[in-house]
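Thanks for sharing this one. Here are my notes, set out as numbered points so that you can follow along with the model open.

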Amino acid sequence: MYRHSATPRPYTTVVLAMSTDGKIADVARSPARFSSKSDRTHLETQIALADGVLFGASTLRAYGTTLGISNPQLLQLRQQGGVPPQPIQIVCSGSANLDPQMRFFCQQVPRWLLTTTAGATHWQKEQASDAGSFDRILVADTSTGGIDWNHAFQELFQLGVGRLAILGGGELVAALLAADLIDEFWLTVCPLILGGRTAPTPVEGEGFLSTLARSLELLSVQTIEQEVFLHYRLQRS
Ligand SMILES: NC(=O)c1ccc[n+]([C@@H]2O[C@H](COP(=O)([O-])OP(=O)(O)OC[C@H]3O[C@@H](n4cnc5c(N)ncnc54)[C@H](OP(=O)(O)O)[C@@H]3O)[C@@H](O)[C@H]2O)c1
């Protein structure tokens, strides 16, 4: 948990794999399946530490599924910790323009949607004719029709999400960085070059001028075979 201006919110950790040239997917925005088995184990371990995982709608559209916990040791650790076997899978989508036939809706995981009033209305109409469903729909509007992140994170915390893993993509991470809602980054540098002007990177959005760039503190570096696992904490004054 993180207390900012006396407002409790989930403690957040971004977990991403990127190519050596800093891309999280290729120019076709294909699912990022370029990391090793060690990285997938690392990702599952981070997910197992969380009460909820948050990802952008484009990430879900790219993969069609989410990563649940299947490792028996991680499941046992969660049981010993008195938490449900699977963290809540939270999709963020302003439009809620999601295909209810995606395999995601058949996975044995709790599913929440974080959206706007317009998105919630759209989804309820969509659902009337199709199978996909969310266990909970959270609405947090800004006056301009976007997502009010501070409000959304307060509500997540009140609903029991003390630790939140953020699984991308770059647009979501940019929005959360701009709202100063990120505490840590795990970045896995993988040995390949993807290139491409429009291939997504860990942080999209408008970007920060270097004078306003967010600073990181390096917590650890680990090399496993050809990959480098970097763990950073956001510096706050
Ligand atoms: N290498 C990795 O570890 C990794 C991990 C995850 C994803 N990826 C890749 O990253 C790519 C997707 O990343 P992306 O940057 O294009 O998209 P993204 O962040 O996954 O999703 C963007 C979408 O999420 C919703 N969203 C995000 N921020 C929002 C905000 N502030 N307000 C309202 N809605 C918001 C919007 O959905 P609506 O359009 O529905 O409103 C937006 O279009 C895919 O190619 C995927 O393969 C790679």
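The points below go through the salt bridges, the pockets and two single residues.

1. A word on the model first. This is a predicted model, so please read each value below as computed from predicted coordinates.

2. Let me start with the charged pairs. Side chains of opposite charge can pair when their charged atoms come close. Over the whole structure, a search finds five salt bridges. Arg-9, Asp-180, Asp-183, Arg-214 and Arg-236 are joined in a network of such bridges.

3. Arg-236 deserves a look within that network. Its side chain meets that of Asp-180 in a salt bridge, at 2.9 Å from N to O. This pair links distant parts of the chain, with Arg-236 in the segment after strand S11 (227-234) and Asp-180 in the loop between H6 and strand S9 (184-190), 56 residues apart. Arg-236 also forms a salt bridge with Asp-183, where the closest N and O atoms are 3.1 Å apart. Here too distant parts of the chain are linked: Asp-183 sits in the loop between H6 and S9, 53 residues from Arg-236.

4. Are the two partners in that second bridge buried or partly exposed? Arg-236 has 27% relative accessibility, so it counts as partly exposed. Asp-183 is at 2%, and therefore counts as buried; the cut-off for buried is under 20%.

5. A further bridge joins two strands. Arg-233 pairs with Glu-217, their closest N and O atoms being 3.2 Å apart. Because Arg-233 lies in strand S11 and Glu-217 in strand S10, the pair ties together parts that are 16 residues apart in sequence. Arg-233 is partly exposed, with a relative accessible area of 34%, and Glu-217 is partly exposed as well, at 31%.

6. Now to the pockets. The largest one has a volume of about 1200 Å³. It is lined by 41 residues, of which Thr-59, Tyr-63, Leu-167, Gly-168 and Gly-169 are the closest to its centre. Two or more lining residues come from each of S3, helix H1 (37-48), strand S4 (52-56), helix H2 (57-63) and helix H6 (170-178). H2 gives the largest share, six residues. By class, this lining has 21 nonpolar, 13 polar and seven charged residues.

7. What lines the second largest pocket? The residues are Leu-177, Phe-185, Leu-187, Pro-202, Val-203, Phe-208, Ala-213, Arg-214, Leu-216 and Tyr-232. The space inside is about 170 Å³. Nine of these lining residues are nonpolar, none is polar and one is charged. Arg-214 also appears in the salt-bridge network of point 2.

8. Thr-12 is worth a click. It is found in strand S3 (residues 11-19), and at 0% relative accessibility it counts as buried. Its side chain reaches the backbone oxygen of Leu-181 at 2.6 Å. Not counting residues up to four places away in sequence, Thr-12 touches Phe-153, Leu-164, Ile-166, Leu-181, Ile-182, Asp-183 and Glu-184. Asp-183 is thus a contact of Thr-12 as well as a salt-bridge partner of Arg-236.

9. Finally, Ile-224. This residue lies in strand S10 (residues 216-224) and is partly exposed, with a relative accessible area of 28%. Leaving aside neighbours within four places in sequence, Ile-224 is in contact with Ser-38 and Phe-229. From Ile-224 to Thr-188 the C-alpha to C-alpha distance is 10 Å, with their positions 36 residues apart in sequence.

Methods
Residues numbered from 1 in each chain as written. Predicted model: local features only at pLDDT ≥ 70, side-chain atom pairs only at ≥ 80, totals over all residues. Heavy atoms only, no water. Helix = DSSP H or I, 4+ residues; strand = E, 2+ residues; numbered from the N terminus. Buried < 20%, exposed > 50% of the residue type's maximum accessible area, 1.4 Å probe, protein only. Polar contact = N/O pair within 3.5 Å; in protein donor to acceptor, adjacent residues only side chain to side chain. Contact = heavy atoms within 4.5 Å. 1 Å grid on protein atoms, 1.4 Å probe; cavity = no way out; pocket = protein on both sides within 12 Å on 5 of 7 lines; lining within 4 Å. Points joined across faces, edges and corners; volume = space filled by probe spheres on them. Nonpolar A, V, L, I, M, F, W, Y, C, P; charged D, E, K, R; others polar. Salt bridge = Lys/Arg side-chain N within 4 Å of Asp/Glu carboxyl O.
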